[in-house]
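Me: I have a model open and would like to learn how to read it feature by feature. Could you walk me through it?

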Amino acid sequence: MHELVIVLDFGGQYNQLIARRVRECNVYCEVKSYKTDLEEIKRLNPKAIIFTGGPNSVYLEDSPKVDKAIFELGIPILGICYGCQLMAYTLGGNVEAAENASEYGMTETEFNTSSPLFKGLKDKSVTWMSHTDYISKLPEGFKSVAHTADCPVAAMENTDAKLYGIQYHPEVMHTENGTAMLRNFLYEVCNCSGDWSMSNYAQTAIKNIREKVGSGKVLLALSGGVDSSVLAALLSKAVGNQLTCIFVDHGLMRKNEGDEVEAAFKDWDVNFVRVNAGERFLSKLKGVSDPETKRKIIGEEFIRVFEDEAKKIGKVDFLAQGTIYPDVIESGSGDAAVIKSHHNVGGLPDYVDFKEIVEPLRLLFKDEVRQLGIELGLADYLVWRQPFPGPGLAIRIIGDITEDKIAILQDADYIFREEIANAGMDKDINQYFAVLTSMRSVGVMGDSRTYDYTLALRGVTTTDFMTADFARIPYDVLAKISSRIVNEVKNINRVVYDITTKPPSTIEWE
Ligand code: XMP
């Protein structure tokens with residue numbers, strides 16, 4: 001069993017980021033709602049508890065609170081932003097709104113480096129602040145160990161009680177040494193040993209899967225995305241060819257992608273079934289131009305194809321699912337999960353004859369899934385794949401879909417990706433792809449007039465895909481891409497670059 005740190009979520013926007021940072025320090029960490037029962041916390045026996053920030057003011061009646069007894073458990077606690085104020089307020093300090101003491105953004109901060117939190121770090125550096133309330137009086141037993149020009153308590157501590165609070169956000173990258181401060185809390189205050197690493201995790205997961213699965217059969221729907229590919233690799237290491245992967249190729253993948261996914265698993269010990277269902281999907285999509293209808297058709301057909309294949313295999317014992325931690329995380333406000341649900345294609349195939357579900361990635365963040373993939377020796381191509389929507393190119397061809405349009409888009413998108421890689425930008429742009437607008441315009445090629453498609457290029461930088469900025473691809477890279485596309489791909493005579501942010505646009509065009 002790993003040592004555990006609990007992040008108690010008070011509705012802050014960085015709750016997952018805090019947990020990821022703790023894990024980067026090699027300490028396993030879970031996010032729980034601030035409503036988590038004290039008895040449950042005791043049962044989990046964490047090495048530490050971290051209170052997140054949150055949008056409320058502690059002195060308001062309906063703002064989230066904690067049972068005061070949490071401070072008497074003897075478990076070290078670190079409060080961040082709202083969490084810090086809550087600690088001060090609950091223990092008898094004063095928290096007030098004050099015009100002069102509210103701070104936003106990068107703030108020069110001075111630290112008392114004799115505090116274990118700041119041990120070995122600079123006594124002056126920049127922190128990321130975002131607060132209107134401030135601690136005007138410390139609770140008994142506490143002293144201030146950092147301040148800014150406007151804020152007398154940027155950090156506080158009660159070393160005897162192992163209680164610490166910081167007003168800024170150590171988890172965001174704008175806070176200089178933020179991760180080092182969290183590391184100090186974990187190692188200097190909480191005496192963590194740091195037993196969380198992906199190689200440990202791989203070994204434990206393989207052992208647990210073997211115990212659970214025994215000699216049973218496992219079935220997995222492989223999409224070729226990062227999560228399902230890493231899952232396939234992990235299960236293959238654990239139970240070899242007791243695993244069957246069904247890879248439904250709906251014919252709406254990017255150029256060569258179906259073959260690449262198949263090739264990546266060629267040497268793995270696994271039953272790999274590729275279903276080339278392109279024609280089946282295309283016939284269902286014929287004449288359909290509404291985006292949501294396309295999604296629905298593809299989702300349903302996907303399940304149907306999978307079902308047909310699964311029937312051939314017959315009874316299995318386990319169905320594997322690539323659920324990852326952000327899909328299951330409890331949030332303080334309870335809203336986080338809803339936003340993404342419309343993106344899930346398909347759903348649980350409950351018609352497949354199986355006993356139980358295995359979800360060995362359930363505890364991992366996306367970047368940990370990637371690390372696990374590397375640890376397991378999965379092809380780089382799959383580990384670093386950019387997100388690709390379940391409905392594939394169907395939602396990147398505006399309007400109705402034909403075989404010709406798919407081929408045009410695949411060729412153009414391929415050139416775009418190739419040139420982005422040539423420019424060394426493939427890991428900096430979080431998602432980039434071509435869109436066939438289906439709009440035609442007049443052009444001239446050689447001596448003839450053309451009347452052909454306009455292709456749009458989309459490239460975004462984002463951390464969470466909820467908001468995004470358009471990627472600043474240099475003009476000369478765009479020029480090369482544009483010139484290659486109009487020269488090499490038939491039926492495209494115009495290329496445009498999408499320079500809208502999300503919101504108000506979305507990342508995909510449909
Ligand atoms: P939007 O277009 O909503 O996209 O800004 C945000 C992220 O979600 C992906 N996306 C989808 N993924 N099925 C999926 O599996 C879908 O129907 C779908 N629609 C959008 C999109 O590629 C981006 O990463």
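Reply: Happy to; we will go from the overall fold to the ligand site and then to a few single residues. Keep in mind that this is a predicted model.

Me: Let's begin with the fold. How many helices and strands does the protein chain have?

Reply: Secondary structure is a good place to start a tour. Here the protein chain has 14 helices and 20 strands. The radius of gyration is 26 Å, close to the 24 Å that the globule rule gives for 510 residues, so the chain is as compact as a globular protein of that length. Along its principal axes, the C-alpha trace spans about 80 × 60 × 40 Å.

Me: What share of the residues counts as buried, and what does the surface look like?

Reply: Burial is judged from relative accessible area, with under 20% as the cut-off. By that test, 53% of the 510 residues are buried. The accessible surface comes to about 23,000 Å², and carbon and sulfur atoms hold 48% of it. You can also look at how far apart in sequence the contacting residues are: among contacts between residues at least 6 apart, 75% join residues at least 24 apart.

Me: On to the ligand. Which residues are the closest to it?

Reply: A shell of residues is a handy first view of a site. In this model 14 residues surround the ligand, and the closest are R295, Q431, K502, I507 and E508. By type, the shell divides into 7 nonpolar, 4 polar and 3 charged residues.

Me: Which polar atoms of the protein sit opposite the ligand's oxygen atoms, and at what distances?

Reply: Check backbone and side chain separately. On the backbone side, a polar atom of G390 is 3.0 Å from a ligand oxygen, and an N or O atom of I507 lies 2.7 Å from a ligand oxygen. From a side chain, an N or O atom of E508 is 2.5 Å from an oxygen atom of the ligand. As for cover, the ligand taken alone exposes 500 Å², and the protein buries 87% of that.

Me: R295 was in that list. Where is R295, and is it buried or exposed?

Reply: For a single residue, read its element, its accessibility and then its partners. R295 is found in helix α9, residues 291-313. R295 counts as buried because its relative accessibility is 16%. Its side chain makes a polar contact with the side chain of E292 at 3.0 Å. Beyond its neighbours within four places in sequence, R295 is in contact with P391, I395 and E510.

Me: Could we try a loop residue? What does L252 touch?

Reply: L252 is found in the loop between β13 (243-249) and α7 (257-264). With 1% relative accessibility, L252 counts as buried. Apart from its neighbours within four places in sequence, its contacts are L285, I298, F388, P391, G392, L393, A394, I401 and I406. P391 also appears among the contacts of R295.

Me: And how would I read a whole helix, say α3? Why is it called largely enclosed?

Reply: Count its buried residues. In α3 (residues 82-90), 8 of the 9 residues are buried, so the helix is largely enclosed by the rest of the structure. Among the buried ones are Y82, C84, L86 and M87. Just after α3, G92 takes a positive phi of about 100°.

Me: One last residue: where is V477, and what does it touch?

Reply: V477 is in helix α14, residues 475-488, and counts as buried at 14% relative accessibility. Not counting residues up to four places away in sequence, V477 touches E419 and A423.

Notes
Residues numbered from 1 in each chain as written. Predicted model: local features only at pLDDT ≥ 70, side-chain atom pairs only at ≥ 80, totals over all residues. Heavy atoms only, no water. Near = heavy atom within 4 Å. Polar contact = N/O pair within 3.5 Å; in protein donor to acceptor, adjacent residues only side chain to side chain. Areas by Shrake-Rupley, 256 points an atom, 1.4 Å probe, with all protein chains shown as cover. Nonpolar A, V, L, I, M, F, W, Y, C, P; charged D, E, K, R; others polar. Helix = DSSP H or I, 4+ residues; strand = E, 2+ residues; numbered from the N terminus. Rg over C-alpha atoms; globule rule 2.2 N^0.38 Å. Buried < 20%, exposed > 50% of the residue type's maximum accessible area, 1.4 Å probe, protein only. Contact = heavy atoms within 4.5 Å.
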